[in-house]
Number of protein chains: 2
Amino acid sequence: MARRSDHSRDELTRMALAAARKIIAKQGLRGLSTRQIAAGIGYSPGTLYQLFEDLDDLILHINAATLDGLIEACRDVDLAAGPEAALEELARRYISYVGNNRGLWNAVFEHSLPEGRIAPDWLRERTRSLLGLAERAIAPLFQESEEAARRHEAQVLWASLYGIAALATAGKLPPGESPETMVQSLVQNSVAGLRSRRARP
Amino acid sequence: MARRSDHSRDELTRMALAAARKIIAKQGLRGLSTRQIAAGIGYSPGTLYQLFEDLDDLILHINAATLDGLIEACRDVDLAAGPEAALEELARRYISYVGNNRGLWNAVFEHSLPEGRIAPDWLRERTRSLLGLAERAIAPLFQESEEAARRHEAQVLWASLYGIAALATAGKLPPGESPETMVQSLVQNSVAGLRSRRARP
DNA sequence: AATTATATTGACCGACGATCAATTTCAATG
DNA sequence: CATTGAAATTGATCGTCGGTCAATATAATT
C-alpha cells in the first residue's frame with residue numbers, strides 16, 4: 001500500500017489501456033470492469049482512478065485510440081485520385097480496419113455517457129479529422145465557395161459508412177450481405193448522384 | 001410472498017415493459033435495472049424473471065416494440081409514389097420517429113448481447129420488415145428479375161439511414177447539421193446515382 | 001536526518017443481476 | 001366443502017460491480 005515506482009505514470013496509463021483493449025477486443029464492453037483491468041496490470045482497482053477520472057473516461061480514451069488507428073490506416077490514401085477512387089479506397093480501409101477490430105469498434109458506438117455528461121473535445125476532434133478525409137475526397141465535385149455543401153455531403157457519407165460498419169460489426173446484417181460491397185454501392189451511388197444532381201441542380 | 005392475482009401475467013408483462021420504457025426514455029439504458037423496473041410496478045425484482053428470461057431478454061422486447069413503433073409510423077406511406085417521393089417520406093418519418101424517441105432508439109443500437117448469444121428471430125423480423133419498405137420504394141428502379149440487387153441497395157439505404165439517425169440521437173453530429181437535411185441528401189444522391197448507374201451500367 | 005508529498009492499497013459502500021427455498025394463494029379434484 | 005397440487009411471489013443471499021477513503025509505505029525535498 002505505497003508508492004511502487006515499478007512504472008511511471010505514463011507507463012501505467014499505457015498498460016491500463018492495453019489491458020482494457022484486450023478485454024474489449026475479446027469480450028466486448030460488457031466484459032470490461034475496473035477489477036479486470038487492474039488484475040491485468042497487477043495493480044489494485046483504486047490505482048486506476050489516479051490515471052483516469054472514472055471508467056467512462058478510460059473508455060473514451062480507448063475509443064479515441066481506436067479512431068486514431070482508423071485515421072492512421074487512412075493516412076496515405078491518395079485523396080486527389082478522383083472522388084470515386086479516393087472514397088472507395090477510404091471506404092475499403094475503413095471496412096477493413098473495422099473488421100479487424102470488431103470489439104473495439106463496437107465499443108465506439110455502444111458506449112454512451114450518463115445523462116448530462118458530454119463527450120470531450122479531444123474525442124470529437126478525431127471524428128472531425130475523419131470527416132476531413134471524406135471532405136477532401138469529394139472536393140473536386142464542388143466549387144471552392146461551396147464549403148457548407150461539401151461539408152454536408154461529407155457528413156452524409158461519413159454517417160452512412162458508420163451505419164454500414166455498425167450493422168456489420170454488430171452482426172445485424174443478413175447473411176450474404178457484405179459490408180465491402182455495401183460501401184462500394186454507397187460510394188458509387190453517392191458520387192454518381194452528386195455528379196448528376198450538380199450538373200442539373 | 002405468494003400469488004397475488006392483482007394482475008394477469010400479460011398485464012404484468014405490459015406493466016414491466018412500460019416501466020422499463022419510461023426509465024430508458026428518461027435515463028437511457030444505463031439507468032435501467034431490474035430493481036428500478038420492479039419498484040416501478042410494485043413487485044419484487046424476482047418476479048421479472050418469471051416474465052422474461054433475464055434483463056437482456058426484456059431489453060430485446062423493448063427494442064422490438066420500438067421498431068414496431070417505427071414500422072407503424074411508416075405503415076401508410078405511399079410506396080408507389082416513385083422512388084424519390086417514397087424514400088423521402090419514409091426517411092422523414094424515420095427521422096421524426098427517432099427524434100421523438102431518442103432514448104429508446106439509442107437503446108436499439110447501444111444494446112448488445114453477451115459473447116455467444118444471438119439475437120432472436122422475432123427481433124430480426126422487425127428489421128427485415130423495415131427493409132422491405134425501402135425495397136418496395138426503390139422497386140421501380142429494378143427489373144423484376146433483379147431481386148438480389150434490389151435487396152442489396154435497400155440494405156445500403158437502410159444502413160445509411162441507421163447511421164445518420166444513430167449519430168443524430170447520440171448527439172455526435174456537429175451543430176448546424178440536421179438529420180432531416182442529411183437523409184434528404186442521402187435519398188436524392190442515392191436515387192440519382194442508381195438511375196444514372198443503371199442507365200449506363 | 002527529518003519532513004513533506006504522493007502513490008498504492010484494502011476495506012468498505014451502495015447497487016447490480018441472478019438464484020432459490022420458503023411461503024402463500026389459486027385452481028383442480030374428490 | 002375439504003384436500004391436494006400447481007403456480008406465483010418474495011426476502012434472503014451470492015458474487016460482482018464502480019467508486020471512495022483513511023491508512024500506510026515509499027519517493028522527493030529540505
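When I say that two residues touch, I mean that they have heavy atoms within 4.5 Å of each other. With that in hand, and keeping in mind that what we are looking at is a predicted model, let me begin with a single residue and then work outwards.

The residue is Ala168(A), which sits in helix α8 of chain A, the helix running over residues 147-169. If we leave aside residues up to four places away in sequence, Ala168(A) touches Arg102(A), Leu173(A) and Pro179(A). Is Ala168(A) buried or exposed? Its relative accessible area is 17%, and because the limit for calling a residue buried is under 20%, Ala168(A) counts as buried. As for distance within the chain, the C-alpha atoms of Ala168(A) and Leu113(A), which are 55 residues apart in sequence, are separated by 23 Å.

Staying with helix α8 of chain A, there is a salt bridge between Arg151(A) and Glu147(A), whose closest N and O atoms are 2.7 Å apart. The two residues are four apart in that helix, which means that about one helical turn separates them. Both ends are partly exposed, Arg151(A) with a relative accessible area of 35% and Glu147(A) with 40%. Chain B has a salt bridge between Arg151(B) and Glu147(B), again at 2.7 Å from N to O, and these two residues likewise lie four apart in helix α8 of chain B.

A pair with a longer reach in sequence is Glu84(B) with Arg195(B), a salt bridge whose closest N and O atoms are 2.9 Å apart. Glu84(B) belongs to helix α5 and Arg195(B) to helix α9 of chain B, so this pair ties together parts that are 111 residues apart in sequence. Glu84(B) is partly exposed at 29% relative accessible area, and Arg195(B) is partly exposed at 41%. Over all chains, the structure holds 26 salt bridges.

Let me turn now to the domains of chain A, where the assignment gives domain 1 as 9-52 and domain 2 as 58-199. Their centres, taken over C-alpha atoms, are 28 Å apart, and the contact draws nine residues from domain 1 and ten residues from domain 2. The area buried between these two domains is about 900 Å², with carbon and sulfur atoms giving 87% of it. On the domain 1 side, Arg21(A), Ile24(A) and Leu29(A) lose the most area, together 53% of what that side buries. How many salt bridges does the rule find across this domain interface? It finds zero, and the count of residue pairs in polar contact, both at pLDDT 80 or more, is also zero. Helix α1 of chain A gives the most to the domain 1 side, with five residues, and by class that side has eight nonpolar, no polar and one charged residues.

Finally, the interface between the chains, which takes 43 residues from chain B and 42 residues from chain A. Here the buried area is about 3400 Å², of which carbon and sulfur atoms give 49%. The rule finds two salt bridges across this interface, and one salt bridge joins Asp56(B) to Arg30(A), with the closest N and O atoms 2.9 Å apart. There are also 20 residue pairs in polar contact between the chains, counting pairs with both residues at pLDDT 80 or more. On the side of chain B that touches chain A, helices α1, α6, α8 and α9 of chain B each supply at least two residues, and α8(B) brings the largest share, 13 residues. That side divides into 17 nonpolar, 15 polar and eleven charged residues.

Conventions
Residues numbered from 1 in each chain as written. Chains lettered and ligands numbered in written order. Predicted model: local features only at pLDDT ≥ 70, side-chain atom pairs only at ≥ 80, totals over all residues. Heavy atoms only, no water. Buried area = accessible area lost by both parts, 1.4 Å probe. Salt bridge = Lys/Arg side-chain N within 4 Å of Asp/Glu carboxyl O. Polar contact = N/O pair within 3.5 Å; in protein donor to acceptor, adjacent residues only side chain to side chain. Nonpolar A, V, L, I, M, F, W, Y, C, P; charged D, E, K, R; others polar. Buried < 20%, exposed > 50% of the residue type's maximum accessible area, 1.4 Å probe, protein only. Domains from an automatic or database assignment.
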